[in-house]
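Visitor: I'm new to looking at protein models. Could you walk me through this one, feature by feature?

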Amino acid sequence: MGSRDGTGDSTGRQGYAADIDSIREAQARIAPYVHRTPVLSSASIDAMVGKQLFFKCECFQKAGAFKIRGASNSIFALDDEQASKGVVTHSSGNHAAAVALAAKLRGIPAHIVIPRNAPACKVENVKRYGGHIIRSDVSIESRESVCKRVQEETGAVLIHPFNDKYTISGQGTVSLELLEQVPEIDTIIVPISGGGLISGVTLAAKAINPSIRILAAEPKGADDSAQSKAAGKIITLPSTNTIADGLRAFLGDLTWPVVRDLVDDVIVVDDTAIVDAMKMCYEILKVAVEPSGAIGLAAALSDEFKQSSAWHESSKIGIIVSGGNVDLGTLWESLYKQ
């Protein structure tokens, strides 16, 4: 079975899975394969929020989401012998497409386990990039068991969606870019699911500016991170129910310590607020975002944020717009329900 030293107890110097050095190494490794995405702003949205917002638009990234950063770092870090057997992953969509694309760029096979409820647009992305799709049931247990079977049959290396130091380091390059583009940012709002993105963003940002504030944005129907922070241990939910299909995973043993120790707070918003934020992105920013990508704006607009000390202490806020792979049929339905 393919494996490497990327999951489990591999940790950086501070006891976390990644650090500023591994994230800078990732930035150099992936530079030929990813876009340096733009930062947008809107005076209209700033007026609504009462703060300056800076939108880091990973919706313009290759494969339509930030996930290509972690996937390309993971895949291009493999030695030739490891890579020759190909790679395997499980994902509801964006990570799947990213692994398929990164594997295509490296010229190796990609086996992608996708749950049967994944959005059609994300499945099409995987097909477009030549990934070999294997279907699983919706549960994480089913996804992982099918993934393990494929590993055993092919010898492919697992590219984990979030609980892996190479994945976390790759996602952290979002922070490096954002703070190069807008150094005066004092707060960053980041979508949270399995925690790969927020772990990388947090580790990079706090290495550059230890006083920067990192806030997680999480859907009410999948608020395991908020519950975990409150309980002081990883909490998993029996089921999730949210329009944000990219935010239904639970924290891993490598991402949880970063969330526990370094993420300042978790802002929970409901699906109505997420859809409203999507509409604002389309109508005001003129940017196509998926629900998971709009949740940062939803959090910035929320009463929970405005009633917190973080709101009073923030003036220039980075919003990670994590992706733009939206199933338009689902979008229309959600808009008509408003």
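Guide: Sure! Let's start with a word we'll need: two residues are in contact when they have heavy atoms within 4.5 Å of each other. Keep in mind that this is a predicted model.

Visitor: Okay, so let me try that on one residue. Apart from its neighbours within four places in sequence, which residues is Leu297 in contact with?

Guide: Leaving those neighbours aside, Leu297 touches Ile45, Leu53, Phe55, Ala277, Met280, Cys281 and Ile319. Here's the general idea: in soluble globular proteins, nonpolar side chains tend to be buried together. In this model, the largest nonpolar core has 37 residues, and Leu297 is among those that touch the most other members, along with Ile45, Leu53, Phe55, Ile189, Val289 and Ile319.

Visitor: Which helices and strands each supply at least two residues of this core?

Guide: Helices H2, H13, H14 and H16 do, and so do strands S2, S8, S9 and S10. H13 gives the most, with 7 residues. There's also a second, separate core of 28 residues, which includes Leu78, Val99, Ala103 and Tyr129.

Visitor: Let's stay with H13, then. How do I read a helix?

Guide: An α-helix has 3.6 residues a turn, so residues three or four places apart point the same way. Now look at the buried residues of H13: Ile274, Val275, Ala277, Met278, Met280, Cys281 and Leu285.

Visitor: How does the length of H13 compare with what its 15 residues should span?

Guide: At 1.5 Å a residue they should span 21 Å, and the end C-alpha atoms are 20 Å apart, which agrees. Check the ends too. At the N-terminal end, Asp270 acts as a cap, with a side-chain oxygen 3.3 Å from the backbone nitrogen of Thr272. Just after the helix, Lys286 takes a positive phi of about 60°.

Visitor: Which residues are buried in H7, and what do they pack against?

Guide: The buried ones are Ser142, Arg143, Val146, Cys147, Val150 and Gln151. They pack against strands S3, S4, S5 and S6. Just after H7 comes Gly155, with a positive phi of about 80°.

Visitor: Now the strands. How do I read a sheet?

Guide: Strands of a sheet pair through backbone hydrogen bonds, either parallel or antiparallel. Here, one open sheet has 6 strands in the order S1-S2-S10-S7-S8-S9, with mixed pairing. S1 and S9 stand at the edges, each with a single partner strand, so one side of each has no neighbour in the sheet.

Visitor: And S10, how does it pair with S2 and S7?

Guide: S2 and S10 pair in the parallel sense over 6 bridges, with Gln52 opposite Lys316. S7 and S10 are parallel as well, over 3 bridges, and there Thr187 stands opposite Ile317. Since 5 of the 6 residues of S10 are buried, this strand is largely enclosed by the rest of the structure.

Visitor: What joins S4 to S5, and which way does the crossover between them turn?

Guide: These two run parallel, joined by 5 bridges, and Ile112 has Ile133 as its bridge partner. The chain goes from S4 through helix H6 to S5, and this β-α-β crossover is right-handed.

Terms used: Residues numbered from 1 in each chain as written. Predicted model: local features only at pLDDT ≥ 70, side-chain atom pairs only at ≥ 80, totals over all residues. Heavy atoms only, no water. Core = buried A, V, L, I, M, F, W, Y, C linked by side-chain atoms within 4.5 Å. Buried < 20%, exposed > 50% of the residue type's maximum accessible area, 1.4 Å probe, protein only. Helix = DSSP H or I, 4+ residues; strand = E, 2+ residues; numbered from the N terminus. Pairing = 2+ DSSP bridges. Right-handed = clockwise from strand over helix to strand, strands pointing away. Expected span 1.5 Å × (residues − 1). Polar contact = N/O pair within 3.5 Å; in protein donor to acceptor, adjacent residues only side chain to side chain.
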